[in-house]
Amino acid sequence: MKEALSEADSPVPAPAEVVTVDPDDPPYESRPRASRGDDVPLLANVELARIFYEIGDMLELQGELPFKTAAYRRAADSIAHSPADVATAYRRKAPPALSGVGKAIADKLAELTDTGRLRFYERLRRDVPPSLVTLLAVPGLGPRTAGDLWRALGITSLDELEVAARAGRLRAVRGISERTENKIIDGLEQLRKRPPRRMRLGQASEILERLAILLGGVSGVRSVVPAGSYRRRRETVGDLDLLVETDRGRDLIEALHASAAVERVGGHGGRLGQLRTTVQLLRGPQLDVMTMPLGATGTYLVHFTGSADHNVRLRELARDRGWSLSEHGFTRLGEDGEALAGQGAERRTFATEEEVYDFLGLPFIAPELREDRGEIEAAREGRLPELVDISDLQGDCHTHSEWSDGSKPIDVWAEAARRRGYAYQVLTDHSHSLTIANGLDPGRVEQQRRIIGELNERFAREEAAGSLPDGAHPSGFRLLHGCEMEIRTDGRLDYDDALLARFDVVVASLHVGRRQPRKQLMERYFTALRSPHVDIIAHPSGRKIGIREDLDLDWDVFYRTAAETGTLLEINGSDERLDLDDRRIRAALEAGCRFTVDSDAHYMSEWDNVIWGIGLARRGWLEKRHVANTLPRDEFLALIADKPHRVA
DNA sequence: GCCGTTTTCGGCCCGACTGTTTTCAGTCG
């Protein structure tokens, strides 16, 4: 079940920081619960989830029943992915219905939010050394063996493990040979050398495209499909997965192994005409390649796209209908509930994913939704969203020219955007207080406006004369004058109202003073949200994945204020931002917010960031009507002009 | 520990690979 662990979205503080045990504090049992209450800090969903993941790990190390440990992890998944703020809801005595959370875990959640502590968890941490959990990161070392090593040799940390392994002491434990011992030493070295790092979507895409061209050229190959978390558009990608439809699997595997892109061949095997191999790419990630039989790719695509949790649900559904589901297809279950084996077994395979879902009585579920976050129920009840699509975008509301920190002159952007087929693009150079990005003072804003006006006049003349460039939008193109206005540390906006009123679109954001306390940050955002001129808040959380943490905000209040004032929230498609993230998009949607999906392009190559933005929007269950820049130009401008503009 | 238009008890997802072992358990995706 490392699978479930690695799927946890973002790192959270070490548990030691979450549950504080003060030696001078009277023991919990002696304090009446009511005396704690509101001064207990509320834990974020990821922090709560982390505790339950860890409980699952520790129980497993203790040798607890697998179903019990799995139950804790399922509950942790549910908490981590809940759009509601779980701790706040519990504090308000209105716990949300979370699948996998029954009485026992609900009680633990109540205790945690009420007192900031969990006695069960504290006891476990006394019984099972918390550092033992770190052993599970060693490739090939699972909870069973780690628990055995701890009980037999008292090993509780990576350092102790290494010392014992090098001294040849591990093989004293039953089930561990010299060979296994060496494998553990290898695993430890791998762990040191290559810390597990997930790739950004853009990096994954580049590698996958190259490989798809390589493999697509091998004879017998009919299609190459990237699968796994990349296809689901998770915000970062670990290993890469490629599915190849071919009847000449051996040729394919040989071609891959012979490629200069491959540093090391891990392993390969397969059966039922389906082959697979794992390779280490040169200066790159690990790649799994699986072949699919011609014309029967449906269950393979479903299986290797995942997520693990989604697949579990599908297999349960299959089971209910008397079938066992695997990547190879459906197999009829016998009287005893076991899949029938051998020649006589009834098997079903399908050419497409649509047919696989149909066989299970479900409509097609888009890859971005396959996380077991309610999509199965929604599919069953016919209320899956009609997801927004990249082809719905009519314009981009966040781009930079060389006037601030972008790369090209204004007219070059405008011409290229026109040929790209957009109906509009908003030029949003930085405002003057952001001097590091060469922000524009009011004088330069006026100059910019004149240039944009002249360009648009020329476009209008050309359209009237019927001379549109190749690829142009049928309704023509206009460059809209906007800005990315800094919300200053003292809470003031960077331009005055008179100047702001003259922009077509005002995007506000916050780059400096990120470490201010929550109250101050919220005040700054309130000023922008309540301004009649601010249309969009760009990259609201301010995070950079793996580099910079989120701003400390009261998110529920933020969403509510955005919805009330009709301020749009940006989904920034830059693959190092991806901000808002999918969980926040869903929460904001429930609060009644509306969105834009933007590239934040500084270079033209970054225009395609909207692909990741749309992926994220789809993971957040957004439909076309929720995304403002899917509107035709006139409607978009009317919406912007008329704030508030809430979703009906 | 969770969960139920076949159940409040008895189930709970699938297959491949690996290693240690003579028939299976642990790990992984």
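**Exercise 1. Find the bridge partner of Thr-278 in strand 7 and describe the hairpin around it.**

Step 1. In strand 7, Thr-278 has Asp-288 as its bridge partner. Strands here are DSSP E runs of at least two residues and helices are H or I runs of at least four, numbered from the N terminus.

Before going on: this is a predicted model, so local features need pLDDT of at least 70 and side-chain atom pairs count only at pLDDT 80 or more, while totals for chains, interfaces and linings use all residues. Residues are numbered from 1 along each chain as its sequence is written, chains are lettered from A and ligands numbered from 1 in the order in which they are written, and side-chain values use heavy atoms, with hydrogens and water left out.

Step 2. Strand 6 and strand 7 (residues 286–292) run antiparallel, joined over five bridges; two strands pair if DSSP finds at least two bridges between them.

Step 3. Now the turn: four residues sit between the two strands of this hairpin, and Arg-283 there has a positive phi of about 45 degrees.

Step 4. Check the cover on strand 6 (residues 274–281): six of its eight residues are buried. Buried means under 20% relative accessible area, exposed over 50%, and partly exposed in between (1.4 Å probe, protein chains only).

**Exercise 2. Work out the strand order of the seven-stranded open sheet.**

Step 1. Reading across, the order is 11-12-13-14-15-16-17, with parallel pairing.

Step 2. The edges are strand 11 (395–399) and strand 17 (595–598), each of which pairs on one side only.

Step 3. Zoom in on one pair: strand 14 (residues 505–509) and strand 15 (residues 536–537) share two bridges in the parallel sense. Val-507 has Ile-536 in strand 15 as its bridge partner.

**Exercise 3. Is Lys-643 buried or exposed, and what is it in contact with?**

Step 1. Find Lys-643 in the segment after helix 25 (633–641).

Step 2. Its relative accessible area is 17%, so Lys-643 counts as buried.

Step 3. List the contacts (heavy atoms within 4.5 Å). Leaving aside neighbours within four places in sequence, Lys-643 touches Ala-528, Leu-529, Ser-531, Pro-532, Val-534, Thr-565, Gly-566 and Thr-567.

Step 4. For a distance, take His-533: 110 residues from Lys-643 in sequence, yet 8.3 Å away C-alpha to C-alpha.

**Exercise 4. Sketch chain A as a whole.**

Step 1. Count the elements: chain A has 25 helices and 17 strands.

Step 2. The C-alpha trace spans about 80 × 70 × 50 Å along its principal axes.

Step 3. Of the 648 residues, 52% count as buried.
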